[in-house]
Structures are given as C-alpha cells and as structure tokens.
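Let's take a walk through this protein together, one piece at a time. Keep the sequence beside you as we go.

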Amino acid sequence: MSTTTTQASLGHPAIAPPPALGTVTLKINGVERQLEIAPWTTLLDALREYLDLTGTKKGCDHGQCGACTVLVDGKRINSCLTLAVMKEGADITTIEGLGTETNLHPLQQAFVDHDAFQCGYCTPGQICSAVGMLTEGKAKTTAEIREMMSGNLCRCGAYTNIVSAIEEVLNQPKA
C-alpha cells in the first residue's frame, strides 16, 4: 500500500516525498558511531542532538563565528556548514576528544593558565581551531596567529589571552 503526501492547502500531490532517514557511520573521538539521520543533518546537529557531545557550540549557524569548529582528519572546519553524511569515514575530533579531566591537551591547559576565556562559550571552538592551526604549521608570529584565528569570535574580548595561550604552546620545545 502506498501513501501519497499532498500539500494540504492546495490538495495537489507533493513534488517529491520526504527523504527517508539514512544510516551514517561517523568516527568521533576515536569511536565509530552509527546514526539514523536525515540527509540534511549538519555535523554540528549530529554531534549535539544525536550524540550528546555538547562541547561543540551552535553560535551563528552560518559559519561566521567559529563556535562550532571541530577537527576533521586534523583540519579545522565549521561543523554547522558540513552535512554529517559528507564526513562518513573521516576522523572527527571534538573538544571532548582532545584531553581528559586529569590529562588536558596542552592547549586546554594553556587556556586555563592564561585565563583565555571568560564566559567559555567560544572556548571549545577556539581550542579546536588553535589545534588545527598549530597542526597546519603556518603561524609563527603573533600577527599570523591573530590572522589565522580570525574566524573564531569571542564576544567577551579575551583575544589577548587566547593569543598568549596559543603562543605558549607554539613555543614549547618539541618532544
């Protein structure tokens, strides 16, 4: 038996039936997770709404503030602009996957040491972006750090301390 979806106000058959949920397998923080999601679900919504990984924040939902920054295969991306199905098979790292409560990632510790946050809303995106930036290896000066972190906004204005935290990690001797 088939059902026809109609537009209620016009009584005409719908142009296309709504797409069914699909299964996507995402590797997040080293763990493979299967999700039943609509094809238009963003990676941000998959993380927050389906996996309860709420460290990644929804700020502008337009890719302009950086609050939703995560790492995909080591590169920083705005998860609000990326469909979850596009990242099947990729290695996704969120703020929850960078360190633990007893063993913080060096950037997490530097943010604490330099008081590089106030309200904390942008902090997960700032840290993930900084990890990606340091992995890229292009930022060597304060001006370069500021430029390469310019996609991550902090409404509280903690930029000086954020840059100081990043510089501390950048200038640590390599093991």
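Start at the beginning of the chain and read along: the protein follows the pattern β-β-α-β-β-β-α-α-α-α. In total there are five helices and five strands; here helices (H or I, at least four residues) and strands (E, at least two) are DSSP runs, numbered from the N terminus. Please keep in mind that this is a predicted model, where local features need pLDDT of at least 70, side-chain atom pairs count only at pLDDT 80 or more, and totals for chains, interfaces and linings use all residues. Residues are numbered from 1 along each chain as its sequence is written, and side-chain values use heavy atoms, with hydrogens and water left out.

Now for the sheet. The five strands form an open sheet in the order β2-β1-β5-β3-β4, with mixed pairing; two strands pair if DSSP finds at least two bridges between them. At the edges are β2 (31–37) and β4, each of which pairs on one side only. From one strand to the next, the twist averages 40 degrees. Such angles run from 0 to 180 degrees between N-to-C directions, and the axes are lines fitted to C-alpha atoms, for helices over the stretch in contact.

Look next at strand β1 (residues 22–28). Strand β1 pairs with β2 in the antiparallel sense over seven bridges, and with β5 in the parallel sense over two bridges. Isoleucine 28 shows both partnerships: this residue stands opposite valine 31 in β2 and opposite isoleucine 92 in β5. The hairpin of β1 and β2 has two residues between the strands, and asparagine 29 takes a positive phi near 55 degrees there.

Which helices meet the sheet? Helix α3 (residues 123–136) lies across β3, β4 and β5, running at about 40 degrees to β3. Helix α1 (residues 43–50) packs on the sheet as well, touching β1, β2, β3 (69–72), β4 and β5 (91–93), and its direction makes about 100 degrees with that of β2.

Let's zoom in on arginine 76, found in strand β4 (residues 75–78). Is arginine 76 buried or exposed? Arginine 76 is partly exposed, with a relative accessible area of 22%; buried means under 20%, exposed over 50%, and partly exposed in between (1.4 Å probe, protein chains only). Leaving aside neighbours within four places in sequence, arginine 76 is in contact (heavy atoms within 4.5 Å) with residues including Thr69, Ser129 and Met149. Its side chain also makes a polar contact with the side chain of glutamate 136 at 3.0 Å, and reaches the backbone oxygen of methionine 148 at 2.9 Å. A polar contact is a pair of N or O atoms within 3.5 Å; within protein, one must be able to donate a hydrogen and the other to accept it, and residues adjacent in sequence count only if both atoms are side-chain atoms.

Finally, how many disulfides are there? The count comes to zero, where a disulfide is a pair of cysteine sulfur atoms within 2.5 Å. The sulfur of cysteine 80 is 3.7 Å from the closest cysteine sulfur, in cysteine 68, so that is too far for a bond. Cysteine 122 is in no disulfide either, as the nearest cysteine sulfur, that of cysteine 154, is 3.9 Å away. Cysteine 80 is buried, with a relative accessible area of 7%, and cysteine 122 is buried at 12%.
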